[in-house]
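Got your viewer ready? Let's walk through this chain stop by stop, with something to select at each one.

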Amino acid sequence: MDLQKHARPQDPAPRAAAPDAAELRASDADRDRIADMLREALAEGRLTADEHAERVEGVLAAKTVGELDVFVRDLPAAHRGPAPRVPAPARPAADALPAVADDNVVAVFSAAVRKGRWRAGRRIHAYAVFGSVEIDLSEAMFEYQQVVVKAFSVFGSVEIRVPENVSLRGTGGGVLGAFEVDTLDSDEPEAPVVYVDGWAVLGSVEARPKRGKLVADILDRVQRKVDRSLRKHL
């Protein structure tokens, strides 16, 4: 008698139940989201300064998502859906841009950097040939809403960084290389839009937002709009 044919298969080991969402460990992004809601509630007069300070202290000490939710459970912001994303403006037509680049950043067997507080034009060209180019727009002054960066890398690298509150788009490719643009959508309709076009040949072109960096003048324009609205109602 073949015992193997009649042997009962062993029951699979029970799987551990997935933790409830409220039991998950809170991240820095989770704490920032709750802190923003508390800041909004303070500005609207829903919380006193003491209540706001007490809740913020609790947010910093919270370890799970469930502990964080307790601090905003009685606020309207906690029950709203995510804010709709504002689509970026259409790509500017070719004749809308200057024929000559406003700024050229070139590295040939060398390194070139453009960073700090500088004025970003409508058209920026970046060329890296056996070298590296860094274009940091995180502290730049945007005089135009639409900025096009033409980036070309041959046995080199072009690295582009933008503020977190702008929109970022990219069109290009790589030939035995890497062309990578992290698409970004701003919540503010007046935010600048950075378009990165180009090619990477045995090299790399990379564009990403820089964490913690914001375009301050966008926030100033929003505040001016709020002030004008308040004056109309006074």
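The tour goes from the whole chain to single residues.

**Before you click**

This is a predicted model, so keep its limits in mind: local features need pLDDT of at least 70, side-chain atom pairs count only at pLDDT 80 or more, and totals for chains, interfaces and linings use all residues. Numbering starts from 1 along each chain as its sequence is written, and side-chain values use heavy atoms, with hydrogens and water left out.

**Stop 1: the whole chain**

Show the cartoon first. You should find five helices and 12 strands. Here helices (H or I, at least four residues) and strands (E, at least two) are DSSP runs, numbered from the N terminus.

Now switch on a surface. The chain exposes about 14,800 Å², and carbon and sulfur atoms supply 54% of that; the areas come from the Shrake-Rupley method with a 1.4 Å probe, and for residues only the protein chains shown count as cover. Of the 234 residues, 34% count as buried. Buried means under 20% relative accessible area, exposed means over 50%, and partly exposed is in between (1.4 Å probe, protein chains only).

What share of the contacts with a separation of 6 or more comes from residues 24 or more positions apart? That share is 67%, with contact meaning heavy atoms within 4.5 Å.

**Stop 2: helix 3 and its surroundings**

Select D50, E51, E54 and E57, which form a negative surface patch. A patch takes residues with over 30% relative accessible area and no salt bridge; like charges are joined within 9 Å, and nonpolar side chains (Val, Leu, Ile, Met, Phe, Trp, Tyr) within 5 Å. Asp and Glu count as negative and Lys and Arg as positive, while His and the chain ends are not counted. Each charge is placed at NZ of Lys, CZ of Arg, CG of Asp or CD of Glu.

Zoom in on E57, which sits in helix 3 (residues 49–61) and is exposed at 57% relative accessible area. Then pick R55, also in helix 3. Is R55 buried or exposed? R55 counts as buried, at 17% relative accessibility. Leaving aside neighbours within four places in sequence, R55 is in contact with L38, L47, F71, D74 and L75.

Follow that list to F71, in the loop between helix 4 (65–69) and strand 1. With the same four-place exclusion, F71 is in contact with L38, R55, G58 and V59. Draw a distance from the C-alpha of F71 to that of L38: you should get 8.3 Å, for two residues 33 apart along the chain.

**Stop 3: salt bridges**

How many salt bridges does a search of the whole structure find? It finds 15, each being a side-chain nitrogen of Lys or Arg within 4 Å of a carboxyl oxygen of Asp or Glu.

- Select D36 and R39. Their closest N and O atoms are 2.5 Å apart. Both lie in helix 2 (residues 28–43), three residues apart, about one turn of the helix. D36 is partly exposed at 41%, and R39 is partly exposed at 48%.
- Select R114 and D103, whose side chains meet at 3.0 Å, N to O. This pair links distant parts of the chain, with R114 in strand 2 (residues 111–114) and D103 in strand 1 (residues 103–108), 11 residues apart. R114 is partly exposed at 24%, whereas D103 is buried at 16%.
- Select E143 and R119, with closest N and O atoms 2.6 Å apart. E143 is in the loop between strand 6 (141–142) and strand 7 (146–154) and R119 is in strand 3 (residues 119–120), so the pair ties together parts 24 residues apart in sequence. E143 is partly exposed at 46%, and R119 is exposed at 51%.
- Finally, select E159, R161, E180, D182, E206 and R208 together. Salt bridges that share partners join these residues into one network.

**Stop 4: two loops with positive phi**

Most residues other than glycine have a negative phi. Go to L176, a non-glycine with a positive phi of about 50 degrees. L176 is in the loop between strand 9 (167–175) and strand 10 (178–181), and counts as exposed at 74% relative accessibility.

End at L202, where phi is again positive, near 50 degrees. Look for L202 in the loop between strand 11 (193–201) and strand 12 (204–209). L202 is partly exposed, with a relative accessible area of 37%.
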